[in-house]
Amino acid sequence: MADLPPIPKVSKFKIALCQLKVTMDKAQNIIEACKSIEDAAQKGAMLVVLPEMWNCPYSSDNFSRFAEDFNDRNTSPSFMMLSEVAHSQGITIVGGSVPERCGGRLYNTSCVFGADGKLIAKHRKVHLFDINMPGEISFKESDIFTAGDKPTVVDTDVGHIGIGICHDIRFPELSMLYASRGVHLICYPGAFNMSTGEALWELLFVATCSPARASSGSYIIWGHSTLVGPFGEIIATAGCEETTVIAEVDYSMIQLRRESLPLEKQKRGDIYKVVDYFMD
């Protein structure tokens, strides 16, 4: 594992995970998200994370209707609100995700804004959520979205952050890559459902942010936005209701944990190699 980049000037800070209720009214979703961000900033949060698909009910019928072309700011109210509130409050925002329209394709995209309101990173969901659990849920994001093709690591006022979206958390290779690049924190906006949420949510400093649960619609959200510490401990979590989780991140714990459990020194690279048994 790579050495951590220099600890930022702010090594201890408050993070807010805004577990938002999402409705069919896009304008109202934007208003409520803005209010939650402003409230979190007033309570001292320096980093605010929104959920996956916070401006849009999670349904294949809605993604195209709610999509925004970020290059056309006049028709991207979600994008513009995040930029403006990041600047007005002087905070960093991991803007959950919204459907992005670009070049005739749709992407599930998370935008990261700095305290000056400028876009500093954009992550397109790499691992699309295709699932078929008979009697429970069947859904194929790949029928709607195009997958992103690169990881996202961004330098912010509150550290070196890696970004994933929901199903990306299932693939340890991505988080291992982020660790090798020296990230301090990984943020996973997500919208796990009732079938997969309990089993997958509290896995791995990692911040996961979900929409609140709604009883209507075929895709029922799990909720339980959570901040997980570098030893797998649950620092703060929510239920399924609309709420904001505010907790403290202390980067000094990362090096302490790495020194107490030196996994890098314990890795067995000699046995992890992929062997092609069909080769002569």
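Me: How many bridges join E1 to E15, two strands that run antiparallel?
Reply: Strands here (E, at least two residues) and helices (H or I, at least four residues) are DSSP runs, numbered from the N terminus. Two strands pair if DSSP finds at least two bridges between them. One bridge partnership puts Phe13 with Val249 in E15. For the antiparallel E1 and E15, the bridge count is 8.

Me: Before we go on, what kind of model is this?
Reply: Residues are numbered from 1 along each chain as its sequence is written, and side-chain values use heavy atoms, with hydrogens and water left out. Local features need pLDDT of at least 70, side-chain atom pairs count only at pLDDT 80 or more, totals for chains, interfaces and linings use all residues, and the model is predicted.

Me: Which residue in E2 stands opposite Leu17?
Reply: Besides E15, strand E1 (residues 12-19) is joined to strand E2 (residues 45-49). That pair runs parallel and has 4 bridges. Opposite Leu17, in E2, you'll find Val49.

Me: How many of the 8 residues of E1 are buried?
Reply: Buried means under 20% relative accessible area, exposed means over 50%, and partly exposed is in between (1.4 Å probe, protein chains only). E1 is largely enclosed by the rest of the structure, because its count of buried residues, out of 8, is 6.

Me: Now the open sheet: which strands stand at its edges?
Reply: The sheet has 6 strands with mixed pairing, in the order E9-E10-E11-E12-E13-E14. An edge strand has a single partner, so one side of it is left without a neighbour in the sheet. The two in that position are E9 (152-156) and E14.

Me: And how much does the sheet twist on average from one strand to the next?
Reply: Angles run from 0 to 180 degrees between N-to-C directions, with axes being lines fitted to C-alpha atoms (for helices, over the stretch in contact). From one strand to the next, the average twist is 20°.

Me: What angle does H4 make with E11?
Reply: Helix H4 (residues 172-180) packs on the sheet and touches E9, E10 and E11, where contact means heavy atoms within 4.5 Å. The directions of H4 and E11 make an angle of about 145°.

Me: Which residue of E11 is the bridge partner of Ile161?
Reply: Strands E10 (residues 159-163) and E11 (residues 185-189) pair in the parallel sense, over 3 bridges. In E11, the partner of Ile161 is Leu185.

Me: Which residues of E11 point the opposite way from Leu185, Cys187 and Pro189?
Reply: E11 is mostly covered, with 5 of its 5 residues buried. That includes the residues pointing either way from the strand. Opposite Leu185, Cys187 and Pro189 are Ile186 and Tyr188.

Me: Which side chain makes a polar contact with that of His123?
Reply: His123 lies in strand E6 (residues 119-124), and at 1% relative accessibility it counts as buried. Its contacts beyond four places in sequence include Thr109, Lys150, Ile163 and Tyr178. A polar contact is a pair of N or O atoms within 3.5 Å; within protein, one must be able to donate a hydrogen and the other to accept it, and residues adjacent in sequence count only if both atoms are side-chain atoms. At 3.0 Å, the side chain that pairs with His123 belongs to Asp168.

Me: Is Ile235 buried or partly exposed?
Reply: Ile235 sits in strand E14 (residues 234-237). Leaving aside neighbours within four places in sequence, its contacts include Leu227, Val228 and Ala247. Phe205 is another contact, with the two C-alpha atoms 9.5 Å apart although 30 residues separate them along the chain. Because its relative accessible area is 36%, Ile235 counts as partly exposed.

Me: How far is the C-alpha atom of Ala238 from that of Cys209?
Reply: Ala238 is in the loop between E14 and strand E15 (243-250). It counts as buried because its relative accessibility is 9%. Ala238 and Cys209 are 29 residues apart along the chain, and their C-alpha atoms are separated by 9.6 Å.

Me: What is the phi of Met53?
Reply: Met53 is placed in the loop between E2 and helix H2 (63-66). With 2% relative accessibility, it counts as buried. Met53 is not a glycine, yet its phi is positive, at about 50°.

Me: Where does Cys166 lie?
Reply: Cys166 also isn't a glycine, and its phi is positive, near 45°. At 4% relative accessibility, Cys166 is buried. Its place is the loop between E10 and H4.
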